[in-house]
Amino acid sequence: LHEALARFLDRTRGVTIPRDAWSPARLPRVLPAHLLMRFEITDGDGAVASRGRRLDELERRRGEGDRPAIPESQSPWQEIFRGLVLPFSEGMTLRGADAFRDIANRHTPRDNH
């Protein structure tokens, strides 16, 4: 995306953007603070635990030990869901579902009607 945007700006506006301009470490030095994204880390009740413009700093300050414990399942369906579905950070899909990707090209689909 960054490269496509840089090519577009160069082609349409004559503005050359160096490749390292998109580096997250460099952005706070070259952009005004109001143009940087603001991050908030909330606790389990939704209260803001910390906030800032640098996600890496917030995560480092927060540390691994401050993560809230995952509560025990409150229903059998929740326990099944947690066991079969990947976490949100990994796409929240069923474990093993990728084995069935493009299955119609490997087998004749059955008639479900």
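**Group meeting: a stretched-out model with one hairpin**

Okay, so what we have here is a protein with 4 helices and 2 strands. Keep in mind that this is a predicted model. Reading from the N terminus, the order is α-α-β-β-α-α, so the two strands come with a pair of helices before them and a pair after them.

Let's start with the overall dimensions. The radius of gyration is 22 Å, whereas a compact globule of 113 residues would come out near 13 Å. If you look at the C-alpha trace along its principal axes, the span is about 60 × 45 × 20 Å.

Now, how much of this thing is buried? Buried residues are 8% of the 113 in the protein. And the contacts: take those between residues at least 6 apart in sequence, and just 2% of them link residues at least 24 apart.

On to the surface. The accessible area is about 10,200 Å², and carbon and sulfur atoms account for 55% of that. As for charges, there are 19 positive and 17 negative ones, and their mean positions sit 8 Å apart.

Okay, zoom in on the strands. β1 covers residues 39-42 and β2 covers residues 48-52. They run antiparallel, with 4 bridges between them. If you want a spot to click on, I41 is opposite S50 in β2. The hairpin has 5 residues between its strands, and that's where you should look up the backbone angles: G46 takes a positive phi, near 90°.

That's the tour, thanks.

Note on methods:
Residues are numbered from 1 along each chain as its sequence is written. This is a predicted model: local features need pLDDT of at least 70, side-chain atom pairs count only at pLDDT 80 or more; totals for chains, interfaces and linings use all residues. Side-chain values use heavy atoms; hydrogens and water are left out. The radius of gyration is taken over C-alpha atoms; the globule rule is 2.2 Å times the number of residues to the power 0.38. Buried means under 20% relative accessible area, exposed over 50%, partly exposed in between (1.4 Å probe, protein chains only). Contact means heavy atoms within 4.5 Å. Accessible areas come from the Shrake-Rupley method with a 1.4 Å probe; for residues, only the protein chains shown count as cover. Lys and Arg count as positive and Asp and Glu as negative; His and the chain ends are not counted. The place of a charge is taken as NZ of Lys, CZ of Arg, CG of Asp or CD of Glu. Two strands pair if DSSP finds at least two bridges between them.
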